[in-house]
Amino acid sequence: MSGWRSQWRLVLLNSLTCGLEICVAAGITYVPPLLLEAGVEEQYMTMVLGIGPVLGLIFIPLIGSASDHCNSSYGRRRPFIWLLSLGVLLALLIIPHADLLAAYFSWGGCALQVAFLILGVGLLDFCGQVCFTPLEALLSDLYRNEEDCNQAFAMFSFMVSLGGCVGYLLPALDWSRGLLSVYLGGQAECLFFMLILIFVTSVLITMKVSEEPPCAAALEPGPLLEAGRCGLPRSCPYLLKSVPLLCLLRTCWSMTPAIYRSYFHVPRVMRQLCMAQLCSWMAVMSFMLFYTDFMGEGLYEGMPRAAPGTASRKRYEDGIRMGSLGLFFQCATSTVFSLLMSRLVRHFGSRRVYLSSMVSFTISVLVICMSKSVVLVSLMSALTGFAYATLQTLPYTLTCHYHKEMEVYMPNKKTKNILKNGIAVKRDSITHLTAMDEEGGLTHKLGGTNGHAIFSQEGSDYYPPPHGQDGSSLSATAPEQDEPEGYEKRGVGLDFAILDSTFLLSQVFPTLFMGMIVQFTKSVTAYMASSAIFGIIAIYLANQIIFDQKDINS
């Protein structure tokens, strides 16, 4: 992957990643004030923001695993990307025109306008967040080498951060006086028109550059595929040419039970990674979702429901703009760290980078809780970008590493006994063991097996208990309980879906309960305090992540 052409191709390939993040970031910043202005109370406003993540939690494993096994003539991942992109485009059309849509129905009034807003917000959040899963899997398909994969996901993180920069900057600017705003009807209409142009352009570029092979090789037959060959009926090749959406829906329907069984039977390495990822994202998202509101109501002491033109309303709007600028600083910092991430990992290791990012985040949020200085708070918000870049990169490269060496990190019943102290046995070692056994020298050399693992006298080689021709252990001890079925057939799309589910789940708690906590404490500082608490828990759980083979038995 050397040379500027390869790097430029990575940029183009991740253009949709950037476009999605621009739309989601602008939506997160701009939608809460729209909901509050429409009369939605703060407690229910936070719940509305949780609709998309809840839907994502339900459907993301289905989409991730179905893309692993899809044999569409359009590719494995691109049909899902097209479908979710269509949902994002529809949401961008609904949100700024909710009042006009409600006006077509005279019986609806303000309540119907709120309903259209909720529909648009839920659709944008759901389709925008879930679309990242097939995009991540597409990168994994195209860049399988470990070093290439690291660079690909570093570029992915860079484009996410760049998209966040643009997405948070656009609402911070005043578009109401421009000619385009006057022509389209206002600030919101102008902003969302620009978002539509950016998004459509990014979709077309990524779809053109991706060049996903037709009928890409799916997983080998396994537990997930017993519902039908890749979940597809025999007639599906004909359907794919005429009605690809129908075939995709049938694929999803046939595989649903097996997918969710595999979704909850998570290998140990993924389980520990996901727990740390969940708490880390809960810390970061508690900060990002409510930072603008904290600035407007807390630091600037404004009132979102004050009459337009009043001093309280002006202070709130100034705080919202300053909050958007702070999130822009965060993404700018994240962009820099994304470019440096590969070098940081090479010099300091994944463990130190992950831990230092969460420590710096927690300290920054604690300072924000206690400070009343706008300058200091903005500087600390910029520093949180280190954690944001890390969470967008390291968990995905670790997952690719786990899948590259599945016999080490995700052992099944055939391979789980060949691990000891994080050392994997090669096939030639097993052959050597069999030859020694036939010559009768095994017991003499190692003092008898009795079904136990064997080390050589030098201590450098490790041999597993001998196995029969049928693969069964010849050990005299009772066989260990089998691992949950499906470990060896897990697709990377499913595990990316699990990682993305932690991101979505991290938004559910803040959006459902943070409004109640703020009402109870009577202070929006509770947003930042909750973020700091989650950060402390994340630091502890990050120590449990398996970063390499040495961590397996530690």
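**A walk through a helix-rich chain**

Let's start at the surface: the protein chain exposes about 24,600 Å², and carbon and sulfur atoms supply 63% of it. That area comes from the Shrake-Rupley method with a 1.4 Å probe, and for residues only the protein chains shown count as cover. Keep in mind that this is a predicted model, where local features need pLDDT of at least 70, side-chain atom pairs count only at pLDDT 80 or more, and totals for chains, interfaces and linings use all residues. Residues are numbered from 1 along each chain as its sequence is written, and side-chain values use heavy atoms, with hydrogens and water left out.

Now for the overall build. The protein chain has 23 helices and four strands; these are DSSP runs numbered from the N terminus, with helices being H or I over at least four residues and strands E over at least two. Of the 554 residues in the protein chain, 55% are buried. Here, buried means under 20% relative accessible area, exposed means over 50%, and partly exposed is in between (1.4 Å probe, protein chains only). Next, look at contacts, meaning heavy atoms within 4.5 Å. Among those in the protein chain between residues at least 6 apart in sequence, 80% join residues at least 24 apart.

How do you describe two helices that pack together? You give the angle between their axes and the distance between the axes. Axes here are lines fitted to C-alpha atoms, for helices over the stretch in contact, and angles run from 0 to 180 degrees between N-to-C directions. Take α2 (residues 15-37) and α9 (residues 146-172): their axes come within 7 Å and cross at roughly 35°. On the α2 side, the residues making the contact include Cys18, Ile22 and Tyr30, while α9 brings Phe156, Met159 and Leu162, among others.

A second pair sits further along the chain. The axes of α22 (residues 492-521) and α23 (residues 525-542) come within 9 Å and cross at roughly 125°. These two are therefore oblique to each other, since angles under 35 degrees count as roughly parallel, over 145 as roughly antiparallel, 65 to 115 as roughly perpendicular and the rest as oblique. Phe509 and Met514 of α22 are among the residues making this contact, and so are Tyr527 and Phe534 of α23.

Between α22 and α23 there is a loop, and Lys522 lies in it. Most residues other than glycine have a negative phi. Lys522, though not a glycine, has a positive phi of about 60°, and it is exposed, with a relative accessible area of 73%. Glu301 is not a glycine either, and has a positive phi of about 55°. You'll find Glu301 in the loop between α14 (268-299) and α15, where it is exposed at 55% relative accessible area. Another loop, between α15 (311-348) and α16 (350-370), holds Gly349, which is partly exposed at 24% relative accessibility. The C-alpha atoms of Gly349 and Phe547 are 8.9 Å apart, although 198 residues separate the two along the chain.

Finally, how many disulfides does the structure hold? Zero; a disulfide is a pair of cysteine sulfur atoms within 2.5 Å. Why does Cys18 have no such bond? Because the closest cysteine sulfur, in Cys165, is 9.0 Å from its own, too far for a bond. Cys331 is in no disulfide either, as its nearest cysteine sulfur, that of Cys165, is 4.9 Å away. Cys18 is buried at 10% relative accessibility, and Cys331 is buried at 0%.
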